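Trainee: I am new to this structure and would like a close look at a single part, the aromatic rings and the packing around them. Could you take me through that part slowly, with the reasoning where there is some?

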Amino acid sequence: MMFGQAYATEEGPALLKSKCMGCHISEGNDSYSRISHQRKTPEGWFMTVARMQIMHGLKISDDERRAVVKYLADKQGLAPSETEGVRYALERRLNTVENFDEQLAQMCGRCHSGARVALQRRPAKEWEHLVHFHLGHWPSLEYQSLSRDRDWLEIALKDMVPDLAKRFPMDDKAWSDWQKAKPTADALPGQWSFSGHMLSKGDVRGVMTVKHDKGDNFDVTVKGQYADGTPFNGEGSAILYNGYEWRGNVKIGDQRMRQIFAAVNGEMKGRMFEAEHDERGLDFSAVKEGNAKLLSVQPSYIKAGAETELTMVGNGLKGTPDFGAGVEVVKVVESSAQQMRVKVKAAADAAAGIRDVSVGALKGIELAVYKDIAEVKVVPEFSIARVGDNGGATPKVQGRFEAEAWGKNAAGEPYRIGYLPAKWSVEPFDERAKEDEDVKFAGQMQKDGVFIPGDAGPNPERKMMTNNAGNLKVVAELEETGQRGEGHLIVTVQRWNNPPIP
């Protein structure tokens, strides 16, 4: 989904009249049948308008579509609390394993994410219309392998409609409260100190400067660096929807990246990812100047007996840093309101476990002190990569991994240490994968934990000339101890259907 500068909000009602009234009946007071009885995210409204274009022949320019999406996302959006727990779909965290109840997972989540359902609001009649829409556009739905194990239509109408209307209602106190309290664009300009982490690349930190353009549009400048010193600098633009839904397009170096953030109470949280490769992204959190807060300590661990440099990231940093019992501050190397670099030493007999970190009166982040590593986990535990390229228009989708170390404290309780350097390899996941030589054909694991899948299309070297799909075990071997962790990687076919909400 491309987010460009939107028309002024007043264009929205005029466009609804000129573009939508051919099919949707006016109900007065800028209200229309179907349209006015749903609430969605910006991506949800974008998908709705795009569907009108593809399936019903709507003629609308890109600028007009942006204006309609902006207007509807502001007028009929979701409150911040209504998106909690399912923002992973907006942020393109496509390796997320969902955890919905069995009925929603089977009735809805077999064809698309459960998050797509949870990121919209309708009254019962509109949920019923959605059921009929599915059968109208996919009349063979009940006979497909994922539906014919049940009386799909009866369950959808009798069980799912009332359940969805109760769980995801059109009228909700969270939405009415948000409409009264949502901030204006004036709350966002200024400097934002940010902290992040990209799998296979590491921690990143810096300052994002936001300048008001006009309406809910902004100019953005990013200045920062990764922990290894690689610059993280660039500029671009962003739009604010519904008082908090931040959508940005920023060019970092030579790479175009998108920003999907929730901006609430002087903080931004979400994900940045490459426009052409959403698997290559970083977790992002930021705090605005004037809002004193600790965001992170990088790295977030230290070994007992070791001396290292830690960087605390946040805003309003002042005062004496404290890393808890057994961790001594040797020297403050650099100090500013946004970052504080400190050389610290952990005592050889420091107790293993988690320490609360503070800078003056600011608290809220933790440091792990470890002696031994009890377990190694591969993150993500389950991942999907996709073949591509080879003359086709669909690029490869990489797998990206890190080794997460865990320890045990004096009470024997597990605690997370953090990401540690590892050696990477892949193995057959099972006997079938071994027989099919998936390790040979499915792709190559790089030394930094990045898996590059094989080429798209049939492979004459494989049995029956099949493609380069594979079922692999991802193996991380810690450089420090040689301990091993395992994950699961499915290498599959191209992503033919790639909507803004999967």
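Mentor: A residue is called buried here when its relative accessible area is under 20%, and exposed when that area is over 50%. This is a predicted model, and with that in mind we can begin with the rings. Ring pairs require centres within 6.5 Å, and by this rule the count comes to ten aromatic pairs. One of them joins Phe 261 and Phe 284, whose ring centres lie 4.3 Å apart with the planes at 10°, so this pair is stacked, given that planes under 30 degrees apart count as stacked. Phe 261 belongs to strand E8 (residues 255-264) and Phe 284 to strand E10 (residues 281-288), and the pair links distant parts of the chain, 23 residues apart. Both Phe 261 and Phe 284 are buried.

Another pair is made by Tyr 301 and Tyr 370, where the centres are 6.4 Å apart and the planes stand at 65°, so this pair is edge-to-face. Because Tyr 301 lies in strand E12 (residues 301-303) and Tyr 370 in strand E18 (residues 362-370), the pair ties together parts that are 69 residues apart in sequence. Tyr 301 and Tyr 370 are likewise buried.

Returning to the stacked rings, Phe 261 and Phe 284 form one aromatic cluster together with Phe 194, Tyr 226 and Phe 232. Tyr 226 also has a charged neighbour, since Lys 201 lies over the face of its ring, at 5.1 Å from the ring centre. Elsewhere, Lys 40 lies over the face of Trp 45, at 5.1 Å from the ring centre.

From the rings we can move on to the nonpolar packing. The largest nonpolar core has 35 residues, and those with the most contacts inside it are Met 107, Leu 119, Trp 127, Trp 152, Leu 164 and Phe 168. Several elements each supply at least two residues of this core, including helix H8 (124-137), helix H9 (152-167) and strand E8, and H9 gives the most, with seven residues. Leaving aside residues up to four places away in sequence, Leu 164 touches Leu 104, Val 117, Trp 127 and Pro 169. A second, separate core of 27 residues includes Tyr 301, along with Ala 442, Phe 451 and Ala 456, and this Tyr 301 is the partner of Tyr 370 in the edge-to-face pair.

How values were computed
Residues are numbered from 1 along each chain as its sequence is written. This is a predicted model: local features need pLDDT of at least 70, side-chain atom pairs count only at pLDDT 80 or more; totals for chains, interfaces and linings use all residues. Side-chain values use heavy atoms; hydrogens and water are left out. Rings of Phe, Tyr and Trp (its six-membered ring) pair if their centres lie within 6.5 Å; planes under 30 degrees apart count as stacked, over 60 as edge-to-face and the rest as tilted. Helices (H or I, at least four residues) and strands (E, at least two) are DSSP runs, numbered from the N terminus. Buried means under 20% relative accessible area, exposed over 50%, partly exposed in between (1.4 Å probe, protein chains only). A charge sits over a ring if NZ of Lys or CZ of Arg is within 6 Å of the ring centre and within 35 degrees of the ring normal. A nonpolar core is a set of buried Ala, Val, Leu, Ile, Met, Phe, Trp, Tyr and Cys residues joined through side-chain atoms within 4.5 Å. Contact means heavy atoms within 4.5 Å.
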